[in-house]
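Me: I should like to go through this model by question and answer, with the reasoning given at each step. Please take the strands to begin with, and the open spaces and single residues afterwards.

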Amino acid sequence: MIHIAILGFGVVGGGITEVLEQNRAAVRRMVHDDIHVKYILDRLEFPDSPYGDRVVHDMSVIADDPEVSIVCETMGGVGAAYDFTMQAIRGGKSVVTSNKELVAKRGVEILAAAREMGVFYLCEASVGGGIPQIRGMRTSLAGDTIAAIDGIMNGTTNYILTRMRKDGATFADALAEAQTLGYAEANPAADVDGLDAQRKIMILTAIATNRLVDEKDVYTETMTKITPADMDAAARWGGTVKLLGSARIDKSNASLYVCPVFVPGSSPLAHIDDVYNGIRFVSPVTADVMFYGRGAGRLPTAGAVVSDVVAAACGLADRELPMEWEKAPEGYVRPFSENVFSYYVRVKADAVRETLEKASLVFGDIQPLLDSPEGYAEFITPPTQEAEAARAFADTTFAGLESRIRIMAP
């Protein structure tokens, strides 16, 4: 029998026991043994749970028990979760986690400790809920080079943008609906300000390159300023607005950023709605590959944790591309100001034609948007370096600037 422990018996931690019960036969076929939850670490008691008698409050009980070989960390945060993870690893136990913040901030040292102890640190559930894109990168794409990543990585923000597009809702109304349905937290800042997607693009880039960048080097922009007018403009242009986490990678450096962008209707990402996630990888060999599915939720995320438990227990993790991360060296991340984008621009103007003519003098060959609201000049710029665009938008021609949104880079 394989004994495991769960750290944190909340939404995901509780889901792990449910997945193990539902899929007991399938898990046994893979592992050739039963997986038994021996301990649950939590500050609370759970007298009404069938697992209530397994609750402990001291991590050393788990770390010092030689029968426990795998620990599932679903606590969240960096403080206690980091301490308990390192305690488990130093006790000779593999750790699987859904904690994207911990992986993004302390992944280098945790993975180094796991290598030193000859155990695994696995994080499938930290990105994309139940979508197996991390395992896909470490197996099916292991012989290829990832050149670009674009992903809808946050179900809350995608739900909000879907409601804005389909129903004409304002950001505030769509957010309130998401909170009522339990998709958004009371304080939604980590989602709507891009921090959640920021951590996920850091993790995916580290898997692709074995280099973990610092969060300060990832340009991250809020999506709270997106309006129904922006959604309407994107539709007239032939696409929609999505909050994407993106990376552009070459041999010597990388650029990582999170921001709302216009996504063309020709891209599969444009058609991913509600709480679903989609992550696109581009490589010179396999070209475009996309993973799609539920990016969050109790059972999808718990299922991803259990998949890592199975991988550690049956030896599958031994056959995957190693995660031997190092801290990205200084200068590895290109300044965001060097990136090149086309932009959607909306300017309130008394003289629309004159404003468009002046915009063409600033940017060159612009493409005016058709059917613009009266009193507004709308256009798409040619590809322009971010730094140059920032200087251009400071021109008095754009004194009535209401919106500028990047177009998804190719």
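Me: How many of the six residues of strand β1 are buried?

Reply: In this predicted model, Ile2, Ile4 and Ile6 point one way from β1, while His3, Ala5 and Leu7 point the other way. Both sets are buried, which by the cut-off used here means under 20% relative accessible area. Strand β1, residues 2-7, is therefore largely enclosed by the rest of the structure, and the number of its residues that are buried is six of the six.

Me: Which strands pair with β1, and over how many bridges?

Reply: Ala5 has Tyr39 of β2 opposite it, and the parallel pairing of β1 with β2 (residues 35-41) extends over six bridges. Ile6, in turn, stands opposite Cys72 of β4. The strands β1 and β4 (residues 68-73) also run parallel, joined by five bridges. The partners are thus β2, with six bridges, and β4, with five bridges.

Me: In what order do the strands of the open sheet lie, and which stand at its edges?

Reply: The open sheet has six strands with parallel pairing, in the order β3-β2-β1-β4-β5-β6. Each edge strand has a single partner strand, so one side of it is left without a neighbour in the sheet. The strands at the edges are β3 (55-56) and β6 (121-122).

Me: How many bridges join β4 to β5?

Reply: One point of register between them is Ile70, which stands opposite Ser94 in β5. The two strands run parallel, and the number of bridges joining them is four.

Me: Which strand forms a hairpin with β12?

Reply: Strand β12 (residues 276-283) is joined by eight bridges to a strand that runs antiparallel to it, residues 287-294. Within this pairing, Ile279 has Phe291 as its bridge partner. Three residues lie between the two strands of the hairpin, and the partner of β12 is β13.

Me: What is the volume of the largest pocket, and which residues lie nearest its centre?

Reply: Among the elements that give two or more residues to the lining of this pocket are α1 (11-22), α5 (100-117), α10 (195-209) and α12 (298-314). By class, the lining has 18 nonpolar, 19 polar and 10 charged residues. The volume of the pocket is about 1,300 Å³. Of its 47 lining residues, those nearest the centre are Val12, Lys100, Glu185, Asp196 and Ala296.

Me: Which helix gives the most to the lining of the largest cavity?

Reply: The count comes to one cavity of 30 Å³ or more, and the space in the largest cavity is about 50 Å³. Its lining consists of Leu20, Arg24, Val27, Arg28, Asp33, Asp34 and Ile35, which divide into three nonpolar, no polar and four charged residues. Three residues of the lining come from the helix that gives the most, namely α2 (residues 24-31).

Me: Is Ser98 buried or exposed?

Reply: Ser98 lies in the loop between β5 (94-97) and α5. Beyond its neighbours within four places in sequence, Ser98 is in contact with Val12, Glu73, Thr74, Ala125, Ser126, Thr301 and Val305. Its relative accessible area is 13%, and because the cut-off for the buried class is under 20%, Ser98 is buried.

Me: Which residues does Arg199 contact, its neighbours within four places in sequence left aside?

Reply: Arg199 is part of helix α10 and, with 14% relative accessibility, counts as buried. Val362 is 163 residues away from Arg199 in sequence and 36 Å away in space, C-alpha to C-alpha. The contacts of Arg199 outside its sequence neighbours are Lys100, Glu101, Ala104 and Lys105.

Me: How many disulfides does the structure hold?

Reply: Two of the cysteines are buried: Cys123 has a relative accessible area of 2%, and Cys259 has one of 1%. For a disulfide, two cysteine sulfur atoms must lie within 2.5 Å. The sulfur closest to that of Cys123 belongs to Cys72 and is 14 Å away, too far for a bond. For the structure as a whole, the number of disulfides is zero.

How values were computed:
Residues are numbered from 1 along each chain as its sequence is written. This is a predicted model: local features need pLDDT of at least 70, side-chain atom pairs count only at pLDDT 80 or more; totals for chains, interfaces and linings use all residues. Side-chain values use heavy atoms; hydrogens and water are left out. On a 1 Å grid over the protein atoms alone, a cavity is a set of points where a 1.4 Å probe fits but cannot get out, and a pocket is an open set with protein on both sides within 12 Å along at least five of seven lines; lining residues have an atom within 4 Å of a point. Grid points are joined across faces, edges and corners, and a volume is the space filled by probe spheres set on the points. Ala, Val, Leu, Ile, Met, Phe, Trp, Tyr, Cys and Pro count as nonpolar, Asp, Glu, Lys and Arg as charged, and the others, Gly among them, as polar. Buried means under 20% relative accessible area, exposed over 50%, partly exposed in between (1.4 Å probe, protein chains only). Contact means heavy atoms within 4.5 Å. Two strands pair if DSSP finds at least two bridges between them.
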